[in-house]
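Visitor: Hey, got a minute to walk me through this one? I'd like to start with the sheets and then get to the packing.

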Amino acid sequence: MTGRKNPELVDKGPELVEGSEHAGGDQEHSPSTSSGPLDPRLLRRAAAVRRLLVGQTVIGTLSALSVVAIAYCIGSGVGTAFTTHTVQPLLSVTPWLAGAFLARGLLSWLADLVAVRAAIAVKSQLRREITQAYLRPGDPQPDHGTVTSLISTGLDDLDGYFARYLPQLVLAVAAPLVIGIAVAVQDLISAVIIALTLPLIPIFMILVGWSTQKLTGRRWRVQARLAHHFADLVAGLPTLRAFGRARAQAEGLRRSGEAHRVETMATLRIALLSALVLELAATLSVAVVAVVIGIRVIAGDVSLSTSLFVLILAPEAYLPLRKVGVHYHDAAAGAAAARTALDLIDRVPVARVGTAAVPTGPVELAASGLTFRYPAADRETVRPVLSGVDAVVRAGDLTCLVGPSGSGKTTLLMLMMGWLRPDSGRVRINDVDLDDLDLEELRRRIAWVGQQPGMIPGTIAANVQLGAPDADAEQVAAALRSADVDLDPGRQLDAAEVGRLSGGELRRVALARALLRVRHGGAGLMILDEPTAGLDAATELRTIELIRSLGVTALVVSHRPAVIAAADHLIELGTAVTPERVAA
Ligand SMILES: Nc1ncnc2c1ncn2[C@@H]1O[C@H](COP(=O)(O)OP(=O)(O)OP(=O)(O)O)[C@@H](O)[C@H]1O
């Protein structure tokens, strides 16, 4: 996830997310090799997780007991039948055996049910909390990508975590304990062998983990880079085709695909080899138990029933531990998703959330000594976008913000609306610091038109009505007329339909929305980023007149000579294009 602000989404912020702030982060949601088995924050927060752990412990213990019962029935039935040469013992254990199998099946179904319910409960709780954190006034730096991917499919990684890994982890503790005690009651020597060899599995797991962690981490990074490169190439194909360079890229695509294949196979090889090592350790351990007990049966030290009992149970003691290793990858993705979600929810808002009432009517906006740089991996090396900027936007006047492309005009607007927070300097509204104001209230009082205005799914009228939800249909229609929108207000705007509107049309719909907010939503401040871009000269003039006629404070970013000429004041960033320079 990059730290760049997404203009489309940032534009949506003030207009579409009423009075909201974005909480986000630069955490990347990617499979992690270092995720712990269970984030304690998850345990503290989710009652469902605690219930799951208790439930799985009970179910795991009962299920291990059912395995003991199965082994006991088979061991005693077959052993006695063998020594007495009758089938009667077999027949008498059959109902018990059937009951034990049934119990095992039911318990495994119950374990799945409990796990899936817990996963659903935890996911919906996290989704709710992420949404609340996202809308919470505080940290103004949005990270929409992380939030979107978490809320949509990212948290589904927790399914594998809850449905497979966590139950297995509980079983890996419960089963060896129950089985170990059962074996010890019947045959102490076998129990000692199991107790001595069982730790080999986690020891091997840790050793394999250590030796492969660095390797796997490197491969993840290489794979991620290759995947991005591949995606970028595919995304850039239309442009490459337009410039006749598509064929040349085909070789690049082939090579990157091949490198991807080689890396994937290498990762798979590591996974298979580590599984093999664990399998080998478990098989050898069972073999040791089997050989020792076999020799003792021949020597007459142990009965056939006991030896069968031990032989059936021994592999069951190692199995859950081996499966923990198998499900580790489910856990890694799930734990990474949970960690990202919890980091997002728990982050401390950097902005103070003020409570001072927002002044009504046309306001004066003043910035002093504003310095701002976008976050980057190495913040110190990044040049500030704005450095010690002073600016005053007088109440009731039309102020035009000018400056070369990239000089930080949009950034200054974001700082003035409190969507970004300056590294140093202050923004004041009628002499009240932005930090002291109730930001949600302030944003309701700003009529904002972004460079790429955001639209929500719904009719054009519904999109305009966002400006003042209490406005009636006639007021919406009047705003659309004033903004020269020549479109059917009932036209539905889904993502595809938005793409069919021209840039100028979208901007005029956004202008109608801002107008409605001024006329019926109590906004005393208009902030517009290139509102007349894409408009013909006549419509541009009408738009400027319209803005002036409203009598509110207006801050307009524009490169257009007509807007610059009509402005009461200019704020210049970098080397600006002023009317005099245009004339010259
Ligand atoms: N989210 C971001 N992360 C990092 N850098 C950014 C981000 N957004 C903008 N920038 C950089 O900050 C600088 C100022 O950007 P900004 O959009 O404020 O300029 P602008 O004056 O509005 O440009 P234009 O007139 O082309 O719209 C640019 O160099 C831009 O690349």
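Guide: Sure. Keep in mind that this is a predicted model. There's an open sheet of five strands with parallel pairing, and its order is β6-β9-β10-β3-β11.

Visitor: Which strands are at the edges?

Guide: β6 (446-449) and β11 (569-572), each of which pairs on one side only.

Visitor: And how are neighbouring strands of this sheet turned against each other?

Guide: By 15° on average, if you ignore direction.

Visitor: Let's zoom in on β3 and β10. How many bridges join them?

Guide: Four, between β3 (residues 398-402) and β10 (residues 553-557), running parallel. As an example of the register, L398 has A554 in β10 as its bridge partner.

Visitor: What about β1, what does that one pair with?

Guide: Strand β1 (residues 365-372) is joined by five bridges to β2 (residues 386-393), antiparallel. Five bridges also join β1 to β4 (residues 424-429), again antiparallel.

Visitor: Which residues face each other there?

Guide: A366 has V392 as its bridge partner in β2, while S368 stands opposite R426 in β4.

Visitor: OK, changing topic: packing. How many residues are in the largest nonpolar core?

Guide: It has 75, and the ones with the most contacts inside it are V68, A115, A118, F162, I179, L313 and A341. Several helices give two or more residues to this core, including α3 (47-84), α4 (88-135), α10 (246-298) and α12 (328-346). The largest share comes from α6, with 16 residues.

Visitor: Which domains does this core draw on?

Guide: At least three residues come from each of domain 1 (24-187 + 309-348) and domain 2 (188-301).

Visitor: Pick V68. What does it touch?

Guide: Leaving out residues up to four places away in sequence, V68 touches V178, I179, A182 and L313. I179 and L313 are also on that list of residues with the most contacts inside the core.

Visitor: What lies apart from that core?

Guide: Another core, of 71 residues, with A367, L401, I446 and L528 among them.

Visitor: Why would nonpolar side chains be buried together?

Guide: That's a general tendency in soluble globular proteins.

Visitor: Last bit, the whole chain. How many helices and strands, and what share is buried?

Guide: The chain has 21 helices and eleven strands, and 39% of its 584 residues count as buried.

Visitor: And how far apart in sequence are the contacts?

Guide: Taking contacts between residues at least 6 apart in sequence, 83% join residues at least 24 apart.

Note on methods
Residues are numbered from 1 along each chain as its sequence is written. This is a predicted model: local features need pLDDT of at least 70, side-chain atom pairs count only at pLDDT 80 or more; totals for chains, interfaces and linings use all residues. A nonpolar core is a set of buried Ala, Val, Leu, Ile, Met, Phe, Trp, Tyr and Cys residues joined through C-beta atoms within 7 Å. A residue is buried if 20 or more other C-beta atoms lie within 10 Å of its own, exposed if 12 or fewer, and partly exposed in between; C-beta atoms are placed from the backbone. Domain bounds come from an automatic or database domain assignment. Two residues are in contact if their C-beta atoms, placed from the backbone, lie within 7 Å. Two strands pair if DSSP finds at least two bridges between them. Axes are lines fitted to C-alpha atoms, for helices over the stretch in contact, and angles run from 0 to 180 degrees between N-to-C directions.
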